[in-house]
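Welcome! Please take a moment to look over the sequence and the model, and then read on for a guided tour.

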Amino acid sequence: MSAGLSALEQLLAYSEAMLGAAENRDWPALARHEADRRALADSLPDTLSAELPAEEQQRARALIERSLRCDTLIQPGLARRMDELRVLLRGAAPAAE
């Protein structure tokens with residue numbers, strides 16, 4: 001397995017960990033996994049798909065699609081959490097000047 005495909009496998013592992021954290025409402029863990037995933041994604045070359053051997057390109061696409069599906073599943077939980085935080089902020093006493 002090439003280094004690029006291995007990195008995409010790790011990217012998916014972070015995405016799945018993020019989904020698990022979201023399902024468990026473990027927001028600090030979700031943020032940690034997201035930061036790790038972002039750092040890994042930022043380190044990948046723009047030419048990754050061209051650098052992968054032809055036999056690995058289909059696997060790479062599948063890994064990316066699975067990671068994107070995790071993101072789609074995470075979004076409703078994040079939206080609910082943001083709504084909860086908005087309610088908390090509205091109920092908070094104004095800060096003293």
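What follows is a walk through the nonpolar cores, a buried serine, the salt bridges and a surface patch. Please keep in mind that this is a predicted model.

**The nonpolar cores**

A good place to begin is the largest nonpolar core, which is made up of twelve residues. Among them are Leu5, Leu8, Leu12 and Tyr14, along with Leu40, Leu44, Ala60 and Leu63. Two helices, H1 (3-23) and H4 (54-91), each supply at least two residues of this core. Helix H1 gives the most, with six residues.

To see how one member of this core is placed, try Leu12. Setting aside residues within four places in sequence, Leu12 is in contact with Leu63, Arg66 and Ser67. Another core lies apart from the largest one and has nine residues, including Ala21, Ala29, Leu30 and Cys70.

**A buried serine**

Is Ser15 in helix H1 buried or exposed? Ser15 counts as buried because its relative accessibility is 0%, and buried means under 20%. Its side chain joins that of Ser67 through a polar contact of 2.5 Å. Beyond the residues up to four places away in sequence, Ser15 touches Arg37, Ser67, Cys70 and Ile74.

**The salt bridges**

Side chains of opposite charge can pair when their charged atoms come close. How many salt bridges does the structure hold? There are seven salt bridges in the structure, and the table shows some of them.

| Salt bridge | N to O distance |
|---|---|
| Arg59 and Glu9 | 2.8 Å |
| Glu16 and Arg66 | 3.1 Å |
| Asp71 and Arg37 | 2.7 Å |

Let us start with the pair formed by Arg59 and Glu9, whose side chains meet in a salt bridge. Arg59 lies in helix H4 and Glu9 in helix H1, so this pair ties together parts that are 50 residues apart in sequence. Both partners are partly exposed: Arg59 has 34% relative accessibility, and Glu9 has a relative accessible area of 25%. Leaving out neighbours within four places in sequence, Glu9 is in contact with Met1, Arg59 and Leu63. The C-alpha atoms of Glu9 and Ala35 are separated by 16 Å, with the two residues 26 apart along the chain.

Next comes the salt bridge between Glu16 and Arg66. This pair links distant parts of the chain, with Glu16 in helix H1 and Arg66 in helix H4, 50 residues apart. Glu16 counts as partly exposed at 39% relative accessibility, and Arg66 is partly exposed with a relative accessible area of 32%.

The salt bridge of Asp71 and Arg37 brings in another helix. Asp71 lies in helix H4 and Arg37 in helix H2 (residues 27-43), so the pair ties together parts that are 34 residues apart in sequence. Arg37 counts as buried, with a relative accessibility of 13%. Finally, Arg25, Arg81 and Glu84 are joined into one network by salt bridges that share partners.

**A nonpolar patch on the surface**

Which residues form a nonpolar patch on the surface? They are Met82, Leu85 and Leu88, and together they have about 270 Å² of accessible area. One of them, Leu85, lies in helix H4. Leu85 counts as partly exposed, at 30% relative accessibility.

Terms used: Residues are numbered from 1 along each chain as its sequence is written. This is a predicted model: local features need pLDDT of at least 70, side-chain atom pairs count only at pLDDT 80 or more; totals for chains, interfaces and linings use all residues. Side-chain values use heavy atoms; hydrogens and water are left out. A nonpolar core is a set of buried Ala, Val, Leu, Ile, Met, Phe, Trp, Tyr and Cys residues joined through side-chain atoms within 4.5 Å. Buried means under 20% relative accessible area, exposed over 50%, partly exposed in between (1.4 Å probe, protein chains only). Helices (H or I, at least four residues) and strands (E, at least two) are DSSP runs, numbered from the N terminus. Contact means heavy atoms within 4.5 Å. Patches are made of residues with over 30% relative accessible area and no salt bridge: like charges are joined within 9 Å, nonpolar side chains (Val, Leu, Ile, Met, Phe, Trp, Tyr) within 5 Å. Accessible areas come from the Shrake-Rupley method with a 1.4 Å probe; for residues, only the protein chains shown count as cover. A salt bridge is a side-chain nitrogen of Lys or Arg within 4 Å of a carboxyl oxygen of Asp or Glu. A polar contact is a pair of N or O atoms within 3.5 Å; within protein, one must be able to donate a hydrogen and the other to accept it, and residues adjacent in sequence count only if both atoms are side-chain atoms.
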